[in-house]
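Trainee: Could you take a close look at one part of this model with me? I'd like to go through it slowly.

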Amino acid sequence: QLQLVQSGGGLVQAGGSLRISCTASGYTEGMAWFRQAPGKQRQFVAFNNRSGTKTYYADFLKGRFTASRDNAKNTAYLQMNSLEPEDTAAYYCNAVSVVGIYWGQGTQVTVSS
């Protein structure tokens with residue numbers, strides 16, 4: 001069974017930057033990021049296919065976030081710039097492998113105004 005371990009996140013002032021990581025225990029195909037704010041539904045943030053030739057972002061990001069991956073390290077990254085208080089949420093990575101779909105444990109990102 002594939003395991004996803006997230007790291008990074010934390011507290012930052014509005015306008016600041018953070019990077020969160022997600023390391024998989026094995027091979028993955030697509031890797032994605034989602035987020036969930038208190039009282040709200042989980043929403044899509046970004047996606048990379050394995051080769052990195054296809055990257056998709058949620059429209060609301062307005063170019064502030066960059067999703068990437070290092071396949072040699074089985075790790076995906078989400079670089080978040082120009083953070084806003086509305087970005088406060090638990091961020092989850094999601095990976096597709098040949099045997100299923102898996103989620104990371106979640107990483108809290110809090111943006112103060």
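Which residues form a disulfide, and how far apart are their sulfur atoms?

Mentor: Bear in mind that this is a predicted model. The disulfide is between Cys22 and Cys93, with the sulfur atoms 2.0 Å apart. Cys22 sits in strand 3 and Cys93 in strand 9, so the bond ties together parts that are 71 residues apart in sequence. The structure holds one disulfide. The torsion about the S-S bond of this pair is about 55 degrees, so the disulfide is right-handed. As for the surroundings, Cys22 is buried, at a relative accessible area of 0%, and Cys93 counts as buried too, at 1%.

Now follow strand 9 into the core. Strand 3 and strand 9 are among the elements that give two or more residues to the largest nonpolar core. That core has 27 residues, and those with the most contacts inside it include Trp33, Phe65, Met80 and Tyr91. Take Tyr91: leaving aside neighbours within four places in sequence, its contacts include Ile20, Val45, Phe65, Leu78 and Val109.

Phe65 is a good one to turn to next. This residue lies in strand 7 and is buried, with a relative accessible area of 3%. Its C-alpha is 5.5 Å from that of Gln79, though the two are 14 residues apart in sequence. Not counting residues up to four places away, Phe65 touches Val45, Leu78, Met80 and Tyr91, among others, but also the charged pair Arg35 and Asp87.

That brings us to the salt bridges. The whole structure has three of them, and Arg35, Arg64, Glu84 and Asp87 are linked in a network. Asp87 pairs with Arg35, the closest N and O atoms being 2.9 Å apart. This pair links distant parts of the chain, with Asp87 in the loop between strand 8 and strand 9 and Arg35 in strand 4, 52 residues apart. Asp87 also forms a salt bridge with Arg64, at 2.7 Å between the closest N and O atoms. Arg64 lies in the loop between strand 6 and strand 7, so this second pair ties together parts that are 23 residues apart in sequence. Arg64 meets Glu84 as well, at 3.9 Å, N to O.

How buried is the network? Asp87 is at 1% relative accessible area, Arg35 at 7% and Arg64 at 10%, so these count as buried. Glu84, at 32%, counts as partly exposed.

Definitions and conventions: Residues numbered from 1 in each chain as written. Predicted model: local features only at pLDDT ≥ 70, side-chain atom pairs only at ≥ 80, totals over all residues. Heavy atoms only, no water. Core = buried A, V, L, I, M, F, W, Y, C linked by side-chain atoms within 4.5 Å. Buried < 20%, exposed > 50% of the residue type's maximum accessible area, 1.4 Å probe, protein only. Helix = DSSP H or I, 4+ residues; strand = E, 2+ residues; numbered from the N terminus. Contact = heavy atoms within 4.5 Å. Disulfide = S-S within 2.5 Å. Salt bridge = Lys/Arg side-chain N within 4 Å of Asp/Glu carboxyl O.
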